[in-house]
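Okay everyone, thanks for coming. Let's take a look at my structure for this week, and I'll talk you through a few parts of it.

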Amino acid sequence: MLVVLTTIILLAALLMPVFVTAKESSKRVVCASNFHQVSTATTLYLNDYDDRLLPVNYGAKTDLDSTQDSTWVQLTLPYIREFGIFECPSDFTRIHNQRAFEPTAVAGDPYSRYYEASKRSNIGYNWLYLAPVISRNGRWQASPRYANQVSDPSNTVLMADSVFDVVSNSPRGGGYYLIYPPCRYRTSRTDSFRNGSDETEIWTPELGWEDKSSGDIGHVWPWHNGQANVLRVDGSLRPFTIKKLEAGCDSKSRWDGSIFDDGAYMWDLR
């Protein structure tokens, strides 16, 4: 009996890591499938709107609700029809935050919960380059770019795995519908968000990409064994480490990094 029990314990110890790895691999496959469906929805949206990318939302205020605004997540739902597509199965923090949206509900507005829940998407959008909210003549307006403005779509981030917040290198709060690039300026100190256009100001709430020691990495989070799923503009998908996503720039705290290699930098239109 002792021999049998010892054998069972040894087998369990040997097989447990295999089971854990298999479980995580299945979650990664589901998450990748979700990204592919969002990619298809984005392509359908582009076809319907003359190749213009999704607006991130319509307003430039932090206190908007569903009576005034819609997020890019909501704009893709007619093509997907399943809110769960935006939830990563590896995000264990969502379980503890499902009721977090209820206090934000607006009386008499049944859609406010969907609006707030859409902001907790585990798929974040590279909006500051691809769909900025800009100010022209003192008026804020959504200004999504055209897909054909992206010079290297196979090497430009469209969306990536995201997290709402990171405390002590631990994720919390579910996902976030926006992701932020690791640098803003080129070595000449020119603003890379402009890309030659005439915007007078770009709305940048919660400037969020800081150095890795701070725990805040632009809302991107590597849910899958230290890697994040990254969807490029051309529809291709592959996992990247945070270090790889910082390629081509000197990422520092509070946006103070500079882009020194446009070929390696994966975020802007060039």
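One bit of vocabulary before the sheet: we say two strands pair if DSSP finds at least two bridges between them. Oh, and keep in mind that this is a predicted model.

So, which order do the strands of the open sheet come in? Reading across, we go β7, β1, β4, β10, β11, which makes five strands, and the pairing is mixed. At the edges we have β7, residues 178–179, and β11, residues 237–240, and each of those pairs on one side only.

Let's zoom in on the β7 side. Its partner there is β1, residues 123–126, and the two run in the parallel sense, with two bridges between them. If you want a spot to click on, try N126: its bridge partner in β7 is I179.

Now for a helix. Which residues of α2 are buried? The helix covers residues 72–80, and the buried ones are W72, V73, Q74, L75, T76 and I80. Right after α2 comes R81, and its phi is positive, near 60°.

Okay, zooming back out. The protein has twelve strands and five helices in total. There are 270 residues, and 49% of them are buried. As for the outside, about 13,300 Å² is exposed, with carbon and sulfur atoms supplying 54% of that.

Last one: how do contacts link up along the sequence? Take the contacts between residues at least 6 apart in sequence; 72% of those join residues at least 24 apart.

That's my tour, so over to you for questions.

Note on methods
Residues numbered from 1 in each chain as written. Predicted model: local features only at pLDDT ≥ 70, side-chain atom pairs only at ≥ 80, totals over all residues. Heavy atoms only, no water. Helix = DSSP H or I, 4+ residues; strand = E, 2+ residues; numbered from the N terminus. Buried < 20%, exposed > 50% of the residue type's maximum accessible area, 1.4 Å probe, protein only. Contact = heavy atoms within 4.5 Å. Areas by Shrake-Rupley, 256 points an atom, 1.4 Å probe, with all protein chains shown as cover.
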